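The following exercises are to be worked with the sequence and the coordinates side by side. Each task is followed by a solution in steps.

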Amino acid sequence: RTEPLIPADLEEALKEDENADKNFSSWNNSWKLQVIVWLEDSRHQSTRRKRIVKIVDWARENRIPGMEG
């Protein structure tokens, strides 16, 4: 499968955190697509920014989205 297109604002945020960027890159396409769709569903810019912070946190900790616990 082709890797999903990473939105520029998310890519920029990931590049600011070496661990998050490395871990996000290792995620499979399904996990990446899941968070990208969630990000793109943001109705407001403030929500989008909060979601980017959350995605970067997940990536830094290498936590798979939706698999908390």
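**Exercise 1. Overall architecture**

How many helices and how many strands does the secondary structure of the protein come to?

Solution. The model is a predicted one, and its secondary structure comes to four helices and zero strands. Reading from the N terminus on, the order of the elements is accordingly α-α-α-α.

**Exercise 2. Dimensions and packing**

Determine whether the radius of gyration agrees or disagrees with that of a compact globule of 69 residues.

Solution. Begin with the expectation, which for 69 residues is a radius of gyration near 11 Å, and then compare it with the value for the protein, 11 Å; the two agree. Next, take the extents along the principal axes, where the C-alpha atoms fill a box of roughly 30 × 25 × 25 Å. Turning to burial, 36% of the 69 residues are buried. Finally, consider the contacts between residues at least 6 apart in sequence, of which 65% join residues at least 24 apart.

**Exercise 3. Surface and charge**

Find what share of the exposed area carbon and sulfur atoms supply, and how far apart the centres of the positive and negative side chains lie.

Solution. The protein exposes about 4800 Å², and carbon and sulfur atoms supply 47% of that area. For the charges, count 12 positive and 13 negative side chains, and then locate the centre of each set; these centres lie 5 Å apart.

**Exercise 4. Lys 32**

Decide whether Lys 32 is buried or exposed, and describe its surroundings.

Solution. Lys 32 is located in helix α3. Its relative accessible area is 2%, and because the cut-off for burial is under 20%, Lys 32 counts as buried. Leaving aside residues up to four places away in sequence, Lys 32 touches Glu 3, Pro 4, Phe 24, Ser 25 and Trp 27. With Ser 25 there is also a polar contact, since the side chain of Lys 32 reaches the backbone oxygen of that residue at 3.4 Å, and the limit is 3.5 Å.

**Exercise 5. Ser 42**

Establish where Ser 42 is placed and which residues it touches.

Solution. Ser 42 sits in the loop between α3 (29-40) and α4 (45-60). At 15% relative accessibility, Ser 42 counts as buried. A polar atom of its side chain lies 2.7 Å from the backbone oxygen of Leu 39. Not counting residues up to four places away in sequence, Ser 42 touches Thr 47, Arg 48 and Arg 51. As a last step, take Trp 58, 16 residues apart from Ser 42 along the chain: the C-alpha atoms of the two are separated by 18 Å.

Definitions and conventions: Residues numbered from 1 in each chain as written. Predicted model: local features only at pLDDT ≥ 70, side-chain atom pairs only at ≥ 80, totals over all residues. Heavy atoms only, no water. Helix = DSSP H or I, 4+ residues; strand = E, 2+ residues; numbered from the N terminus. Buried < 20%, exposed > 50% of the residue type's maximum accessible area, 1.4 Å probe, protein only. Contact = heavy atoms within 4.5 Å. Polar contact = N/O pair within 3.5 Å; in protein donor to acceptor, adjacent residues only side chain to side chain. Rg over C-alpha atoms; globule rule 2.2 N^0.38 Å. Areas by Shrake-Rupley, 256 points an atom, 1.4 Å probe, with all protein chains shown as cover. Lys, Arg positive; Asp, Glu negative; His and termini not counted. Charge placed at Lys NZ, Arg CZ, Asp CG, Glu CD.
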